[in-house]
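Good morning, and thank you for coming. Please take a moment with the sequence and the model before I begin.

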Amino acid sequence: MSLRKMKAMVSILFKINNYGAEIKRANLGSHVEVYVQPQNDSIVVCERFYLSCKGVVNGWLDGCRKVVGVGVCFLKGICKGGLFSIVGRDAKNNIYPITWVVVNVENKSTWNMFIDNLMEDIDEGGNDNGMTLMSCGQKAHILFNILGAMKERCLEVDPRLCVRHILANFHKKAVKETTFHKFELAMEEIKIFDGPQLLVKDIFKVGIGCDAMENGVFKSFNVAIKEARNKLMIKMLEDIRVFVMETFYMLKRGKGLSWDLAICPTIKKLLKDPKVLRSGYIQFEVVQDNERYDLDLEKRECGYRVRKLTDIPCVHAICAISSLKLDPEECVVELFSKVAFLGAMSTSSIH
């Protein structure tokens, strides 16, 4: 390697370290790690750059849903590699980027590192905070790596798969095969998950306010940083930081503070007024499309089970609440309130 190239690599590594130090200085308590690896020619190169801002993590813990999307997008510029990210949903269902890392290669080792750091940042006491991780149904080996890291590093975290990607894989691989043998092989590749808990709502963890079955928040984040992925590493990281900072500010000042509502507008739209049959003081029986569901307002339970998964009164509960001359909005949990939304946005900060 030429002396000029060696000096350039040393200079880049120096700048990356300085950038990480500045992030930690401006965002006290944040977690930044630069992983370096010596090469055969005595040159040290940057293999991974992990970034997790304390204010952003605190905002997610204080007022966001605990279902987050995880995945990788690959860099398109001079610097090759991948960008791993964890993206959550706030009370209004907006994307909430939590943490991200640049890696030189996507493999089981880099996913283990990412999950280890994530679990350390979201709870220093070792608790998983009731989190559910939803991974994209990307290429088979990527999904194997993600699910493998989750099983080894965070057993208490519930996994989910994005059904949109699974359906896309089915159409792209299985249905186009011209022989039954190839069809079976394609189906075996699709069946890389084990257990219905990854796809069936009936087994989803309750009490986390989200029954989403697609990883749209992760895709939306990747679309938002599409141009940044073409740039050099530090410029890309800066563009992502600025995007997150401006997004949080606009949500807090431009939207949340202007609401003349007790709950988030996207949640309010879900509160409609169907009909039910009353079977007790606060017990009801709902008839819908030739199906019947038991409903108990005190226990917040409905045979339809949507409320358990989303923490939002389902159409059956709304009818029952309205029949008692009550306001359905008063029965929405605090997670979806304007106060909770602004609380998360006030805590969230990145500089």
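I shall go through the salt bridges, then a hairpin, and then several single residues.

One remark before the details: what you see is a predicted model, and the values I quote were computed from it.

Let me begin with the charged side chains. How many salt bridges does the structure hold? The count is seven, and I shall discuss several of them.

Please look at helix H1, which covers residues 3-26. Here the side chains of Glu 22 and Arg 25 form a salt bridge, with 2.6 Å from N to O. Why are these two positions about one helical turn apart? The reason is that they are three residues apart within helix H1. As for their surroundings, Glu 22 is partly exposed, at 38% relative accessible area, whereas Arg 25 counts as exposed, at 55%.

The next salt bridge joins the side chains of Glu 152 and Lys 108, at 2.9 Å from N to O. Glu 152 belongs to helix H4, residues 140-153, and Lys 108 to helix H3, residues 108-122, so this pair ties together parts that lie 44 residues apart in sequence. Glu 152 is partly exposed, with a relative accessible area of 47%. Lys 108 also counts as partly exposed, and its relative accessibility is 28%.

Glu 152 has a further partner. Its side chain meets that of Arg 153 in a salt bridge of 3.1 Å, again from N to O. Arg 153 is partly exposed, at 35% relative accessible area. Which residues make up the network of salt bridges here? They are Lys 108, Asp 116, Glu 152 and Arg 153.

I now turn to the hairpin of strands S4 and S5. Strand S4 spans residues 82-90 and strand S5 spans residues 95-103. The two strands run antiparallel, and eight bridges join them. To take one of the pairings, Gly 88 has Tyr 96 in S5 as its bridge partner. Is S5 mostly covered or mostly open? It is mostly covered, since nine of its nine residues are buried.

Four residues lie between the strands of this hairpin. In that loop we find Asn 93. Its phi is near 75°, which is a positive value in a residue other than glycine. As background, most residues other than glycine have a negative phi. Asn 93 counts as partly exposed, with a relative accessibility of 37%.

A second residue with a positive phi deserves a place beside it. Asp 311, which is not a glycine either, has a phi near 65°. Where does Asp 311 sit? It is in the loop between helix H10, residues 306-310, and helix H11, residues 315-323. Asp 311 is classed as buried because its relative accessible area of 19% falls under the 20% limit.

Let us move to strand S6, which comprises residues 132-135 and contains Thr 132. Is Thr 132 buried or exposed? It is buried, with a relative accessible area of 0%. Which residues does Thr 132 contact, if we leave aside its neighbours within four places in sequence? The list consists of Lys 66, Val 67, Val 68, Val 157, Asp 158, Arg 160 and Ile 208.

Finally, I would like to show two pairs of positions by their C-alpha separation. Tyr 249 lies in helix H8, residues 233-255, and counts as exposed, at 54% relative accessibility. Its C-alpha is 7.6 Å from that of Met 345, although the two residues are 96 positions apart in sequence.

The other pair starts from Gln 37, which is found in strand S1, residues 31-38. Gln 37 counts as partly exposed, at 34% relative accessibility. Between the C-alpha atoms of Gln 37 and Arg 48 there is a separation of 9.3 Å, and along the chain these residues are 11 apart.

To close, I would ask you to keep two places in mind. One is the salt-bridge network of Lys 108, Asp 116, Glu 152 and Arg 153. The other is the hairpin of S4 and S5, where Asn 93 takes its positive phi. Thank you for your attention.

How values were computed:
Residues are numbered from 1 along each chain as its sequence is written. This is a predicted model: local features need pLDDT of at least 70, side-chain atom pairs count only at pLDDT 80 or more; totals for chains, interfaces and linings use all residues. Side-chain values use heavy atoms; hydrogens and water are left out. Buried means under 20% relative accessible area, exposed over 50%, partly exposed in between (1.4 Å probe, protein chains only). Contact means heavy atoms within 4.5 Å. Two strands pair if DSSP finds at least two bridges between them. A salt bridge is a side-chain nitrogen of Lys or Arg within 4 Å of a carboxyl oxygen of Asp or Glu.
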